[in-house]
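Please work through the following exercises with the sequence and the model open side by side. Each task is followed by a solution that goes step by step.

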Number of protein chains: 2
Amino acid sequence: MENQQQDAEPEDNSWLQSRVAELENNWRTAMADLDNLRKRTVRDTVQVRQQERKRAAKELLTVLDNLDLAIGHAEADPKTIVAGVEAVRAQADLAMSNLGFPRYGDDQGEPFDPQLHEAVSVVPAVGVKPGTVVQVVRPGYGDAENQLRPAAVVVAKAD
Amino acid sequence: MENQQQDAEPEDNSWLQSRVAELENNWRTAMADLDNLRKRTVRDTVQVRQQERKRAAKELLTVLDNLDLAIGHAEADPKTIVAGVEAVRAQADLAMSNLGFPRYGDDQGEPFDPQLHEAVSVVPAVGVKPGTVVQVVRPGYGDAENQLRPAAVVVAKAD
């Protein structure tokens, strides 16, 4: 292969030279692009992290402001606080959902699912199919693909 | 320039050919690296976003669990709820601080700072230097570089 152009005209040589110059330029450009992209990626990652944190903090801030309102109200009329705090509690679940981790935990009677449930206790299966969730002790947040915390459940013995 | 190698030996030609092959290979490699980096950047951004959201959701979840405890306690002993909710409130500020937005708002008597304060009302300067914060209506979160929300303040008239 290295001999196939030995009889070539001088023009070929100048074509090769300009091809070398062109390729050197292409290569240099690609390497510069790569370097710039690497630097930009580092900057962008910092920015994305910051954006996401800010977005989440805003969700928490809404919960917190409502908690302040409930506390303020309670100082004027102590009986209102339980209802107020329960409203804040419901709203905190909405914030969790906005962050991509919806609450779940009404799974009583469903089959135990290791992707969604964590068995904190096992009881004899009386009147239910073995392996059924008989009680949800603490709700879970997220879904099977994206778990924040599984629901803590009591399960009917499997045999 | 294009003529400077017209008298070159055939060996020069084969050197140029192998240089072309080498540069084509370098260029191709750089382009492939660039393409891979672009794809990886997209994937990484999704992942960074998700990680950050999860981290923030865990902070919120801690607040939420404590809110549940306070509500549970209040059902047993209604008088405990105000103290319980106030403890949750303090802990929510800690969560905000963990997200990079510490609470501030004890700025009464400090000079008004447009980076940290939002003036919600202006009052005559009686016994204080004009432009002084005379009351903090609502605390702020963050700092001068990274603001989530400025503190809402009442300011003494500047003249």
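The exercises below concern the contact between two chains, its salt bridges and the nonpolar core.

This is a predicted model, in which local features need pLDDT of at least 70 and side-chain atom pairs count only at pLDDT 80 or more, while totals for chains, interfaces and linings use all residues. Residues are numbered from 1 along each chain as its sequence is written, chains are lettered from A and ligands numbered from 1 in the order in which they are written, and side-chain values use heavy atoms, with hydrogens and water left out.

**Exercise 1. Describe the contact between chain A and chain B by residues and by area.**

Step 1. Taking contact as heavy atoms within 4.5 Å, one finds 61 residues from chain A and 61 residues from chain B.

Step 2. The buried area, which is the accessible area (1.4 Å probe) that two parts lose on being put together, summed over both, is about 5800 Å² between chain A and chain B, and carbon and sulfur atoms give 70% of it.

Step 3. Across this interface there are 15 residue pairs in polar contact, both residues being at pLDDT 80 or more; a polar contact is a pair of N or O atoms within 3.5 Å, where within protein one must be able to donate a hydrogen and the other to accept it, and residues adjacent in sequence count only if both atoms are side-chain atoms.

Step 4. On the side of chain A that touches chain B, the largest share, 39 residues, comes from helix 1 of chain A, helices being DSSP runs of H or I with at least four residues and strands runs of E with at least two, numbered from the N terminus.

**Exercise 2. Which residues of chain B pair with Glu24(A) and Glu52(A) in salt bridges, and how accessible are the partners?**

Step 1. A salt bridge requires a side-chain nitrogen of Lys or Arg within 4 Å of a carboxyl oxygen of Asp or Glu, and the count between chain A and chain B is ten.

Step 2. Glu24(A) pairs with Arg19(B), with the closest N and O atoms 2.9 Å apart, and this pair runs from helix 1 of chain A to helix 1 of chain B.

Step 3. With buried meaning under 20% relative accessible area, exposed over 50% and partly exposed in between (1.4 Å probe, protein chains only), Glu24(A) is partly exposed at 26%, whereas Arg19(B) is buried at 18%.

Step 4. Glu52(A) pairs with Arg53(B), again with the closest N and O atoms 2.9 Å apart; Glu52(A) is buried at 2% relative accessibility, and Arg53(B) is buried at 18%.

**Exercise 3. Explain why the salt bridge of Asp65(B) and Arg149(A) joins two chains.**

Step 1. The closest N and O atoms of Asp65(B) and Arg149(A) are 2.6 Å apart.

Step 2. Because Asp65(B) lies in helix 1 of chain B and Arg149(A) in strand 5 of chain A, the pair joins two chains.

Step 3. Asp65(B) is partly exposed at 25% relative accessibility, while Arg149(A) is buried at 11%.

**Exercise 4. Which residues touch the most other members of the largest nonpolar core?**

Step 1. A nonpolar core is a set of buried Ala, Val, Leu, Ile, Met, Phe, Trp, Tyr and Cys residues joined through side-chain atoms within 4.5 Å.

Step 2. Of the 40 residues in the largest such core, Met96(A) and Met96(B) touch the most other members.

Step 3. Not counting residues up to four places away in sequence, Met96(A) touches residues of both chains, including Phe101(A), Tyr141(A), Leu60(B) and Leu64(B).
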